[in-house]
Each structure stands twice: as structure tokens, then as C-alpha cells.
Amino acid sequence: RRSDVPIRTCWRDETTGPLDADNSDRYISMLRRLLTLGNFDQIIYITHSEDAAAQADAQIHVKGGQVSITQ
């Protein structure tokens with residue numbers, strides 16, 4: 001709030017690790033609500049959870065020095 005440049009991206013790093021499939025669903029729903037309530041343009045979350053990744057609008061995969069995007 002003190003910056004002259006608004007931060008429009010919310011970053012979450014490995015916050016889905018301890019969640020089972022049901023709680024992963026709830027967490028992603030919560031992030032979608034945060035998008036609206038926090039007035040963010042996007043939320044980027046890093047995860048190794050296939051359940052959480054499957055719910056993303058798009059996925060960025062980084063492997064072996066290569067980057068790919070799926071939507």
C-alpha cells in the first residue's frame with residue numbers, strides 16, 4: 001500500500017504440499033476468492049501436487065532447462 005506501483009500478482013510457494021485432495025480443492029477455491037477480494041490480476045502458485053495443478057487455469061512446467069505452458 002505504501003508503494004507507488006500497485007502489486008497485482010499474488011505469489012504462493014509450495015503451500016499445497018500438506019493438503020489431501022479434498023483440502024486441495026478447498027484451497028484452490030479460497031485462492032480464487034482471494035483473487036477477487038484482494039483485487040489481484042492473477043495468482044501464481046508453485047506446487048508439486050497434481051490435484052492442485054490440475055485446477056489451475058494454466059500451467060508453467062520447468063524441467064531440464066526447458067519451459068512449457070499448457071492451458
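Is Arg8 exposed, partly exposed or buried, and what is its relative accessible area? I'll come to that in a moment. Please keep in mind that this is a predicted model.

Arg8 is partly exposed, because its relative accessible area is 28%, and the partly exposed class runs between the 20% and 50% cut-offs. Arg8 also takes part in a salt bridge with Asp41, where the closest N and O atoms are 3.4 Å apart. That pair joins distant parts of the chain: Arg8 sits in the segment before strand 1, residues 9-13, while Asp41 sits in the loop between helix 1, residues 21-37, and strand 2, and the two are 33 residues apart.

The count of salt bridges comes to two. The other pair is Asp57 with Arg32, with closest N and O atoms 3.1 Å apart. Asp57 is in the loop between helix 2 and strand 3, residues 59-63, and Arg32 is in helix 1, so this pair ties together parts that are 25 residues apart in sequence. As for the surroundings, Asp57 is exposed at 60% relative accessible area, and Arg32 is partly exposed at 39%.

Now to Ser49. Ser49 lies in the loop that runs between strand 2, residues 42-46, and helix 2, residues 50-54. Ser49 counts as buried, because its relative accessibility is 16% and the cut-off is under 20%. A polar atom of the Ser49 side chain is 3.4 Å from the backbone nitrogen of Asp51. Leaving aside residues up to four places away in sequence, Ser49 touches Thr16 and Ser24.

That's what I have on these residues.

How values were computed
Residues numbered from 1 in each chain as written. Predicted model: local features only at pLDDT ≥ 70, side-chain atom pairs only at ≥ 80, totals over all residues. Heavy atoms only, no water. Helix = DSSP H or I, 4+ residues; strand = E, 2+ residues; numbered from the N terminus. Buried < 20%, exposed > 50% of the residue type's maximum accessible area, 1.4 Å probe, protein only. Polar contact = N/O pair within 3.5 Å; in protein donor to acceptor, adjacent residues only side chain to side chain. Contact = heavy atoms within 4.5 Å. Salt bridge = Lys/Arg side-chain N within 4 Å of Asp/Glu carboxyl O.
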